[in-house]
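Colleague: I'd like a close look at one helix pair and whatever packs around it. Could you walk me through it in one go?

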Amino acid sequence: MNEHKPGEPHMQVSRYSGSARINHWIVAISFVLLMISGLALFHPSLYGLTALFGGGPTARWLHPWIGLVLVVGFLGLFVRFFTANLPEKTDWVWLAKLRYVLSGQEEYLPEVGKYNAGQKFVFWSQAVLVAVMLITGIGLWPAGLAYMEQLLGFKATIDQRRLAAVLHAGSAVLTIAIWIIHVYAAIWVRGTFSAMTRGSVTGGWAWRHHRKWLRKEVAKEPARQQPAE
Ligand code: HEM
């Protein structure tokens, strides 16, 4: 946490290191590119979107490679944020009192650590969906299938490839819906965006939304050498 200097509007609390933010934005950008190219390849009415990638064949070629970028990027986020997203007893209390979250009456909620139960839900559901999209995506990618056959001697049947197509599309719908919730929450809870842009939040934001995390940050303040992950 930085000292509050005169003239500075708010005391700032460090929330993400530079590398964590770069990692997050690589995932966010690759997600948006995957969503556009994926939707373009999914339905003829959206095929026009392939123009953004230089045409249909290029979009088809690029889509799985961007998918691999997202998978590697998400793995980075998973390793960084895994422990802070482990479920706690108070998550259930928070969920049971969701109506107070939605009405902004946070005085009725338990103190929250680095992430609330909603954020943990986004984290774990995206982790599962990214894994499903990866496995089913390989099943729809001739180069990926050829590699799997060479590496593991596994040859997917037509039925398995059909199932992969259904699961890939179904997971894509879910992952996009959860992404919309994630972005909506980041906008709706004012002051959250700066966490992923500047790497810090105001003390007031931390006190209001993640008080248990703020207390821990303050307690380790004298020994602090590194910015928060
Ligand atoms: C382009 C749209 C996106 C925006 C505007 C956005 C915004 C944000 C913001 C502001 C935070 C900080 C929240 C906080 O510290 O309380 C955050 C955290 C995070 N974001 Fe995103 N994000 C986007 C896309 C994504 C995507 C596509 C994923 C993964 C599929 C993702 C995964 C995460 C994770 C894992 C965290 C840390 C919170 C946690 O672990 O629960 N974000 N995002």
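Colleague: In which kind of crossing does α2 pass α5, left-handed or right-handed?

Modeller: The crossing of α2 past α5 is left-handed, a label used if the near helix is turned anticlockwise from the far one by less than a right angle, with right-handed being the clockwise case. Before going on, two caveats. This is a predicted model, where local features need pLDDT of at least 70, side-chain atom pairs count only at pLDDT 80 or more, and totals for chains, interfaces and linings use all residues. Residues are numbered from 1 along each chain as its sequence is written.

Back to the pair: the axes of α2 and α5 come within 10 Å and cross at roughly 150°. Those axes are lines fitted to C-alpha atoms, for helices over the stretch in contact, and angles run from 0 to 180 degrees between N-to-C directions. The helices themselves are DSSP runs (H or I, at least four residues; strands are E, at least two), numbered from the N terminus.

On the α2 side, P64, G67, V71, F74, F78 and F81 do the meeting; on the α5 side, F123, A127, V130, L134 and G137. Contact here is C-beta atoms, placed from the backbone, within 7 Å. By class that gives nine nonpolar, two polar and no charged residues, where Ala, Val, Leu, Ile, Met, Phe, Trp, Tyr, Cys and Pro count as nonpolar, Asp, Glu, Lys and Arg as charged, and the others, Gly among them, as polar. Take V130: leaving aside neighbours within four places in sequence, V130 touches V71 and F74.

V130 and F74 also sit in the largest nonpolar core, alongside V27, F31, L34, I66, L70, L129, M133 and A172. Such a core is a set of buried Ala, Val, Leu, Ile, Met, Phe, Trp, Tyr and Cys residues joined through C-beta atoms within 7 Å; buried needs 20 or more other C-beta atoms within 10 Å of the residue's own, again placed from the backbone. At least two of the core's residues come from each of α1, α2 and α5.

Both helices also reach the ligand. Its shell has 24 residues, with A28, F31, F81, Q119 and A186 the closest; near means a C-beta atom, placed from the backbone, within 6 Å. Elements giving two or more residues to that shell are α1 (18-42), α2 (56-81), α5 (117-139), α7 (158-188) and α8 (193-197). The shell splits into 16 nonpolar, six polar and two charged residues. So F31 belongs to the core and is listed among the closest to the ligand, while F81 is listed there too and takes part in the contact of α2 with α5.

Key: Two residues are in contact if their C-beta atoms, placed from the backbone, lie within 7 Å. A residue is buried if 20 or more other C-beta atoms lie within 10 Å of its own, exposed if 12 or fewer, and partly exposed in between; C-beta atoms are placed from the backbone.
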